[in-house]
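Biologist: Hello! I am new to this structure and would like to see how its labels are earned. Could we go through some of them together?

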Amino acid sequence: MRVAIIGGGPGGLYAAALLKRLDPARRITVWERNAPDDTFGFGVVLSDETLGGIEHADRVVHDALQREFVRWDDIDIVRRGVRHTSGGHGFAALGRRRLLEILHDRCHSLGVDLRFRSESPYPDRLAETHDLVIAADGVNSTTREAYTHVFRPHVATHHCRYIWLATDLAFDAFRFEIAETEHGVMQLHGYPYAADASTVIVEMHEDVWRAAGFDEPDPHDSIERCAKIFAEALRGHSLRSNKSAWTTFRTVTNAHWSHGNVVLLGDAAHTAHFSIGSGTKLAVEDALALAACLEEQPSLRKALTAYEEERKPVVASTQRAARASLEWFEDLGRYLDQPPRQFAFNLLTRSRRVTHDNLRLRDAHFTGAVEREFGCPPGTPPMFTPFRLRGLTLRNRVVVSPMDMYSAVDGVPGDFHLVHLGARALGGAGLVMTEMVCVSEEGRITPGCTGLYTGGQAESWTRVTDFVHTQAPGTAIGVQLGHSGRKGSTRLMWEGMDDPLPEGNWPLVAASPLPYKPGSQTPRELTPAQLADLRDQFTAAARRAARAGFDLLELHCAHGYLLSGFLSPLTNHRTDAYGGSLDGRLRFPLEVFDAVRDVWPDEKPMTVRISATDWADGGNSAEEAVAIARAFAAHGADAIDVSTGQVVADERPEFGRSYQTPFADRIRNQAGIPVIAVGAISSWDDVNSLILAGRTDLCALARPHLYDPHWTLHAAAEQGYEGPGVVWPAPYRAGSRRPRTGRTDAPKPRLTLGT
């Protein structure tokens, strides 16, 4: 088998060594345009997981690396002259040049043909003359560009500038240092890679970079100024360059990683921001997976397919974490006024890969100090601390999110709703929310939706609230009021979500006469007189909700329903006072909010659910979401329930764990408004992490409460918490500990006898 490798970086070299070691008959050639001792950057960080893979695949390389590594456990976060240290993290690094030397030696010993200072032949030519072509030619891959129609790459640029430098000071920890300058916030990322050297990356937002004059074409001046700004961290040591230049990070993704016998590896296939680790780590893991798939699969085509199937999900997960980290640093300024330990905890958990529980295992002393600063009583997880909204104090931070059940008859909640909501109230959450309760018959989404437009419906809701207040004292119950707008008159979810009814349709109204999707009914544009009638419908429903005994009222201004349809420029094309600018689009939702607030009891809180992004070009931006939140807060909203999307049918959401929480974070920390975070929050560890980091005040969970109505009680039991933040109902107390199971461990040997 003839193998051509384009690019002599760590990924390409390690792939060459592995493939040659697995089959010495392979003829492997590596083309590298630079000299063998040329390299860019300074240190390389590898994880224990990656090292374990190297150890199993090539002990020679592993042992050589082990002899060179600098190891450390601590992370230092320095802000405003105060350093906080978290231990137990476990890093290993070495110089990039030394890493290349080790890989060069290994390749030479195995008989790999290394061609330095050599441009590789064009990929088409290599593909004709070789059985396999591995494109490890980096972020600017010419191979990827040659087959762009097949690989379909996407390169996203971001908002920070950074420069990669080094110093002859060996830091004793991974160091994050924040400098607040007259031009804005700058940050240093530093870590040791030798006994007398550390990598130093200086990063700042593009606006700060320009304001500080770093855009002037004098790299020497830039480096000297960076050394002065971070002089305390550097202890007077200078910074040095290796052809370093200010640049912006680019996130590379590809729809496909192979074409015929050509395959992408490392930065050519994907990149992940340096703040969560090393691109070298990913490239080495790619090489391990590719070599394994070539061994395991019966043909090259199947091997390349298996390689892509194995690595793509892993890389996608890493890139999601990297993007969360990258965006945290882009928006660093919004966290500067957090309490010092909370700021440090927020930084450490920014990617959502390190969590509260994980950090507590690594460094219980540090995490305990953060909890005490936050106000957690001893032994109390953050999720079980109380939170006050107006006259309502919630005993914990867990909310059962509104979930449409589509099980009502004529808008009347029945036995199903009593059992459904009652079970979740008994399950320990601080606040249980109803589904969207419709303010009129025409405002229903489906024939199975509940309402509050008749006295009979209000009486049935009273039955639910009475049960919650009597049988689950301490649990609050809230009602979400809304109108379907253009998304109404549809089938029950399990019969065809958002599909029109086959018969019995009712007329729809909306901000503008735009159908939700092809085949949907076209709504009528609301007239000023109809807008007044709708306000009255909302206030009448709010009065009934108050009489029914609800503790909190939420106005549904999200997910493309009526009020959301006014807020988004994609669904509001009006030319009158209720359209156009954001102020115009806000006008009617704010009028409805004011009307409802006027009739809702003053001591009871009101929240507003919004879609913080439409996930579609031309929709509301993150900045507009903050403006929308500020507008509702100025009119008296006590908290913003921050969801996203479902506004237009052709949206492109970026799904992932806790994927909507950054929008809540932005509103809370930029606008200073209490928020409820929602969206793929699935574990109590996530809830604790988000609360303690100051990214949200409350967490709303939907599907976890469908899976387990007693999710909050079980979260308390699993954390060993017994306190006022959650109370087991008296009939359930016997089940407050995890049931015992049969033993699965084998008896341990009692004696070890020598020979």
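Modeller: Gladly. Take Asp 686, which has a relative accessibility of 6%. Please keep in mind that this is a predicted model.

Biologist: Why is Asp 686 called buried?

Modeller: Buried means under 20% relative accessible area. Asp 686 has 6%, so it counts as buried. Its place is in helix α24.

Biologist: What makes the pair Asp 686 and Arg 657 a polar contact?

Modeller: The contact between their side chains is 2.9 Å. A polar contact needs a pair of N or O atoms within 3.5 Å, so the value of 2.9 Å meets that cut-off.

Biologist: Let's move on to the loops. What is said of the phi of Trp 615?

Modeller: Trp 615 has a positive phi of about 55°, and it is not a glycine. Most residues other than glycine have a negative phi. You will find Trp 615 in the loop between β26 (606-611) and α22 (622-634).

Biologist: How do you know whether Trp 615 is buried or exposed?

Modeller: Its relative accessible area is 12%. The limit for buried is under 20%, so Trp 615 is buried.

Biologist: And what makes Ala 680 partly exposed?

Modeller: Ala 680 has a relative accessible area of 42%. Partly exposed lies between the 20% and 50% limits, so the label fits Ala 680. Ala 680 sits in the loop between β28 (675-678) and α24 (684-692), and its phi is positive, about 55°, although it is not a glycine.

Biologist: Now the surface. Why is the patch with Asp 221 called negative?

Modeller: The patch is formed by Glu 216, Asp 218, Asp 221 and Glu 224. Asp and Glu count as negative, so the patch is called negative. Asp 221 belongs to helix α9 (residues 219-229). A patch residue needs over 30% relative accessible area, and Asp 221 has 33%, so it passes.

Biologist: What makes the patch of Met 493, Trp 494 and Met 497 nonpolar?

Modeller: Met and Trp are on the list of nonpolar side chains, so this surface patch is nonpolar. Together the three residues have about 350 Å² of accessible area. Met 497 is in the loop between α18 (493-496) and β23 (509-510). With 47%, Met 497 does not go over 50%, so it is partly exposed.

Biologist: Lastly, why is Leu 361 called exposed?

Modeller: Exposed means over 50%, and Leu 361 has 70% relative accessibility, so it counts as exposed. Leu 361 is in helix α14 (residues 356-362).

Terms used
Residues are numbered from 1 along each chain as its sequence is written. This is a predicted model: local features need pLDDT of at least 70, side-chain atom pairs count only at pLDDT 80 or more; totals for chains, interfaces and linings use all residues. Side-chain values use heavy atoms; hydrogens and water are left out. Patches are made of residues with over 30% relative accessible area and no salt bridge: like charges are joined within 9 Å, nonpolar side chains (Val, Leu, Ile, Met, Phe, Trp, Tyr) within 5 Å. Accessible areas come from the Shrake-Rupley method with a 1.4 Å probe; for residues, only the protein chains shown count as cover. A salt bridge is a side-chain nitrogen of Lys or Arg within 4 Å of a carboxyl oxygen of Asp or Glu. The place of a charge is taken as NZ of Lys, CZ of Arg, CG of Asp or CD of Glu. Helices (H or I, at least four residues) and strands (E, at least two) are DSSP runs, numbered from the N terminus. Buried means under 20% relative accessible area, exposed over 50%, partly exposed in between (1.4 Å probe, protein chains only). A polar contact is a pair of N or O atoms within 3.5 Å; within protein, one must be able to donate a hydrogen and the other to accept it, and residues adjacent in sequence count only if both atoms are side-chain atoms.
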